[in-house]
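Please keep the sequence and the model side by side while reading, since the explanation below moves from the sheets to single residues and then to charged pairs.

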Amino acid sequence: MRGYEVTIKETSKQLSAKEKVAFKNTTNAIKLDEATQQGTVTVYPEYYGILGIHNEKADDPDYENYVIVDKNTGDKYITGSKSFWTSFMDIADEMSGEDEEWGVEIFRSPSKNYKGKDFITCCII
């Protein structure tokens with residue numbers, strides 16, 4: 001077994017082989033944790049999904065990353081934030097099958113549970 005392995009656990013659309021390779025390669029992805037430090041990030045999702053990561057060098061060797069590909073720019077955004085993913089999927093599930101174009105504003109919000117800490121969340125636009 002390799003020390004670092006990435007698998008696609010789920011995506012919002014069927015991916016071609018080329019898209020799968022690109023989706024799993026996150027070296028060129030924009031980290032939402034860093035991007036939202038500068039302010040709100042706007043994304044119009046083309047597709048999105050969950051990556052399963054196995055990294056023997058991490059404290060927790062098995063974890064998930066969430067990836068969104070923007071349909072206007074082709075930019076790939078990545079986060080491990082479960083709070084963000086829950087908010088995003090609530091929106092995506094409601095908009096599934098709708099013809100109306102939609103996007104999300106992604107931003108930081110102060111945590112009520114941890115003083116001085118923020119979490120990443122989003123709202124529909």
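**Two sheets, a helix and their contacts**

In this predicted model, five strands make up an open sheet whose order is S1-S4-S5-S6-S2, and the pairing within that sheet is mixed. The edges are taken by strand S1 (4-11) and strand S2 (30-31), and because each has a single partner strand, one side of each is left without a neighbour in the sheet. At the S2 edge, the partner is strand S6 (residues 76-79), with which S2 pairs in the parallel sense over two bridges; here isoleucine 30 has tyrosine 77 in S6 as its bridge partner. Across this sheet lies helix H3 (residues 82-95), which spans strand S4 (45-55), strand S5 (62-70) and S6, and which runs at about 145 degrees to S4.

A second open sheet consists of three strands in the order S3-S7-S8, and its pairing is antiparallel. Strand S3 (41-43) and S8 stand at its edges, and each has a single partner strand, so that one side of each is left without a neighbour in the sheet. From one strand to the next the twist averages 35 degrees. S3 is joined to strand S7 (residues 104-110) in the antiparallel sense over three bridges, and within this pairing valine 43 stands opposite valine 104 in S7. Helix H3 packs on this sheet too, touching S7 and S8, and its direction makes about 10 degrees with that of S8.

What does a single residue of S8 show about this packing? Threonine 121 is found in strand S8 (residues 118-124), and because its relative accessible area is 10%, where the limit for buried is under 20%, this threonine counts as buried. Leaving aside residues up to four places away in sequence, threonine 121 touches Phe84, Ser87, Glu105, Ile106, Phe107 and Ser109. With one of these residues, serine 87, the contact is also polar, side chain to side chain, at 3.0 Å.

Aspartate 59 offers a contrasting case, being found in the loop between S4 and S5. Its relative accessible area is 87%, so aspartate 59 is exposed, the threshold being over 50%. Between aspartate 59 and lysine 115 there are 24 Å in space, C-alpha to C-alpha, and 56 residues in sequence.

The charged side chains come next, and the count of salt bridges is five. One of them joins lysine 13 and glutamate 19, whose side chains meet at 3.0 Å, N to O; lysine 13 is partly exposed at 29% relative accessibility, and glutamate 19 is likewise partly exposed, at 23%. Another links glutamate 101 with lysine 71 at 4.0 Å, N to O. Glutamate 101 lies in the loop between H3 and S7, whereas lysine 71 lies in the loop between S5 and S6, so this pair ties together parts that are 30 residues apart in sequence. Lysine 71 is partly exposed, with a relative accessibility of 39%.

A further salt bridge is formed by the side chains of arginine 108 and aspartate 118, at 3.6 Å, N to O. This pair links distant parts of the chain, since arginine 108 is in strand S7 and aspartate 118 in strand S8, 10 residues apart. Arginine 108 is partly exposed, with a relative accessible area of 22%, and aspartate 118 is partly exposed as well, with 44%. Through salt bridges that share partners, Asp33, Arg108 and Asp118 are joined into one network.

Conventions:
Residues are numbered from 1 along each chain as its sequence is written. This is a predicted model: local features need pLDDT of at least 70, side-chain atom pairs count only at pLDDT 80 or more; totals for chains, interfaces and linings use all residues. Side-chain values use heavy atoms; hydrogens and water are left out. Two strands pair if DSSP finds at least two bridges between them. Helices (H or I, at least four residues) and strands (E, at least two) are DSSP runs, numbered from the N terminus. Contact means heavy atoms within 4.5 Å. Axes are lines fitted to C-alpha atoms, for helices over the stretch in contact, and angles run from 0 to 180 degrees between N-to-C directions. Buried means under 20% relative accessible area, exposed over 50%, partly exposed in between (1.4 Å probe, protein chains only). A polar contact is a pair of N or O atoms within 3.5 Å; within protein, one must be able to donate a hydrogen and the other to accept it, and residues adjacent in sequence count only if both atoms are side-chain atoms.
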